[in-house]
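Subject: Handing over the structure

Dear colleague,

As agreed, I am passing the structure on to you, with the sequence alongside. Please look through it once by yourself, and then read on for what was found.

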Amino acid sequence: MRMANDLAQMHHQVDQDPHAYWLDQAKRLDWEQFPTKSNESSYEQEDFGIKWFADGALNLSVNCLDRHLEARGDQTAIVFEGDEPGEGRTLTYRELHEEVCRFANVMKAQGVTKGDRVTIYMPMIPEAAVAMLACTRIGAVHSVVFGGFSPDSLAGRILDCESTVLITADGGRRGGKPVPLKANADKALESCPDVKTVILVRRTGDDVPVVEGRDLWWHEARESVSAECAPQIMNAEDPLFILYTSGSTGKPKGVLHTTGGYLLWCTLTFDLLFGAKVDDLFWCTADVGWVTGHSYVVYGPLANGAKTVMFDGVPNYPDPGRFWETSTRLGVTIFYTAPTAIRALMREGEEWVSKHDRSQFRLLGTVGEPINPEAWNWYHRVVGDGRCEIVDTWWQTETGAALIAPVPGVVETKPGSATKPLPGVYPQLVDAEGAVLDGATEGNLCLTQSWPGQMRTVYGDHDRFFQTYFTTYPGKYFTGDGCRRDEDGYYWITGRVDDVINVSGHRMGTAEVESALVSHPKVAEAAVVGMPHDIKGQGIYAFVTLNAGEPDSEELRQELRLHLRKEIGPIASPDALQFAPALPKTRSGKIMRRILRKIAEGTPEQVGDTSTLADPAVVDDLVANRLS
Ligand code: WT7
């Protein structure tokens, strides 16, 4: 366990002499050219930009692989656990290194070079990590698209970053059900003529069409290349990956992270928060399609030389004891999951947990959404037998890795609070007008200074990056989250204050769901808000106005659900879909979402003043026909 004065010393040093502190931390990585510069970021319009370690040079895969070979080449790097219990394999650092080099050579042979964008649409299998690391080996920029996204969503992401290579699999299995990855990919590629190469992993053995001249099998291609591949040395600020995430407006944005700062932030936070030692086995249950999978399944653990689990299943298959059965069998010591999974398992009863031995657990983490104290206490008492500290980590796709979280052994926890900022993280709470709020208070969460893992731009739209995050409160990064700070200086994230909802820890832009709904020929207008949901945290509540004369029906409701699944993916399927003859609008035509939120939350008595509405009677109809 870390010592309290180590952490205090880190805070002190970064406050007093940030330049020295950051260059000191940079020693955690192996650099080809050690940086002399640290933070050169500015949040001001005149000289806006995020820049860290700008004269440093390194290769990410070297930091995750090569540098461990001497001391722990034969140690396990990845423990793969498939959808069926016990279906899996392990890869040592040496084996992983070889696979990465081979696959890097496969991509090179296909003409992929530094800066090219490569899209990865895969199950949670070791090849996904190999593909990501192989991109970093040759300086290609990966864009991982979650396997649960629809062909349309995949196509949108391929087109946005002008990717010409797609890596996928014949198919996947989740919870015993097939995931038609190749079929989805083929469909997506109908609108992506620039994709010239598809590399296919044989995962299920399903019979899939192979397009001559475009598709090649991974297992065949890896045989014909060398097992060695010299790393491409990258500038610290060279792009590393793009990951699409939803915002409050428009289509998903490509969050761009760069090499040096991102990797340092993953490496540092993984060590501080989980401190995995050689005997530890770390299991983060996230999919690599989300940032948690990037930072804490792949990069953070491997950069630290730890053993990491890749799990291609779901928490309740074959039964709700899966996490604990698998943890016992594999020997997991540090376990990191999402509140939504904890709530779902809590509902199934304690016996699913208690019948498995969990004495090897040392630390338990959570991420993705606020954790209610009830779920926190259950996780602590039942899963951790009251022994293990709970590390609740607050962060975002944009932040690269954790920013507010308790360093175990040092920062005391409180159920439901992500506790305190890590060294070099400076939160600030402001009111709606931007006035800084001090002491115990509640407001909008901003960060006043950059940290190495901060995103650098929205791919292809730097202005959108600035507008989205730095103009609401000029000179600050606005997170989009509301937050309370208590009298002990602890932070309690209360959830999004913008038009983003968090469904089972997955981010959805309400605007995105609305635009998918109105793309249906029978829909005139739609408004989407979040609703409280016992398991998912938030659910999707959609208000839909049909074209004049179009009758509503249960079939149409079903059709609209399917339409959303097709346009975005299963995660966009609404929990409630209410047909509304009209939506509440101001006289200038603006939809009053505040009112819709209250209706969806089941507290219509709190809708407040409706006198500014063009037609206040609209609200009565919505309340009367509310779905519960
Ligand atoms: C949003 C970011 C962090 C990686 C996974 C999600 C919410 C995340 C917590 C937490 C309360 C949390 C915030 C944030 N969030 N972690 N520990 N406590 N809220 O990344 O999809 O970019 O979503 O998730 O609202 O803004 P993401």
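I begin with an annotation, which comes from a record: an unreviewed UniProt entry lists Lys590 under "modified residue: N6-acetyllysine". Please bear in mind throughout that the model is a predicted one. In this model Lys590 lies in the loop between strand 29 (576–579) and helix 18 (593–601), and because its relative accessible area is 58%, Lys590 counts as exposed. Leaving aside residues up to four places away in sequence, Lys590 touches Pro584 and Lys585.

Turning to the chain as a whole, the protein chain contains 19 helices and 29 strands, and its C-alpha atoms fill a box of roughly 75 × 60 × 60 Å along the principal axes. The radius of gyration is 24 Å, which agrees with the value near 25 Å that a compact globule of 628 residues would have. Buried residues account for 60% of the 628 residues, and of the contacts between residues at least 6 apart in sequence, 71% join residues at least 24 apart.

One sheet deserves a slower look. It is an open sheet of eight strands, arranged in the order 10-9-6-4-5-12-13-22 with mixed pairing, and its edges are formed by strand 10 (215–217) and strand 22, each of which pairs on one side only. Within this sheet, strand 6 (residues 165–169) and strand 9 (residues 197–201) run parallel and are joined by five bridges, with Ala169 standing opposite Val201 in strand 9. Helix 4 (residues 93–109) packs on the sheet, where it touches strand 4 (117–121), strand 6 and strand 9, and the direction of helix 4 makes about 155° with that of strand 9.

The remaining findings concern charged side chains. Side chains of opposite charge can pair when their charged atoms come close, and a search of the whole structure finds 41 salt bridges. I describe a few of them here.

In one of these, Glu127 pairs with Arg89, the closest N and O atoms being 3.0 Å apart. This salt bridge links distant parts of the chain, since Glu127 belongs to helix 5 (residues 126–138) while Arg89 belongs to strand 3 (residues 88–92), 38 residues apart. Are the two partners buried or exposed? Glu127, at 16% relative accessibility, counts as buried, whereas Arg89, at 38%, counts as partly exposed.

Arg214 and Asp215 also form a salt bridge, with 2.6 Å between the closest N and O atoms, and both of these residues are buried.

A further salt bridge brings together the side chains of Glu237 and Arg456, at 3.0 Å from N to O. It too links distant parts of the chain, 219 residues apart: Glu237 sits in the loop between strand 11 (234–235) and strand 12 (239–245), and Arg456 in the loop between strand 21 (441–447) and strand 22 (457–458). Glu237 counts as buried because its relative accessibility is 18%, and Arg456 is buried as well, with a relative accessible area of 5%. Finally, Glu87, Arg174, Arg203, Asp287 and Asp312 are joined into one network by salt bridges that share partners.

With best wishes

Key:
Residues are numbered from 1 along each chain as its sequence is written. This is a predicted model: local features need pLDDT of at least 70, side-chain atom pairs count only at pLDDT 80 or more; totals for chains, interfaces and linings use all residues. Side-chain values use heavy atoms; hydrogens and water are left out. A salt bridge is a side-chain nitrogen of Lys or Arg within 4 Å of a carboxyl oxygen of Asp or Glu. Helices (H or I, at least four residues) and strands (E, at least two) are DSSP runs, numbered from the N terminus. Buried means under 20% relative accessible area, exposed over 50%, partly exposed in between (1.4 Å probe, protein chains only). Two strands pair if DSSP finds at least two bridges between them. Contact means heavy atoms within 4.5 Å. Axes are lines fitted to C-alpha atoms, for helices over the stretch in contact, and angles run from 0 to 180 degrees between N-to-C directions. UniProt positions are given in the numbering used here, feature names are shortened, and annotations may be inferred rather than shown by experiment. The radius of gyration is taken over C-alpha atoms; the globule rule is 2.2 Å times the number of residues to the power 0.38.
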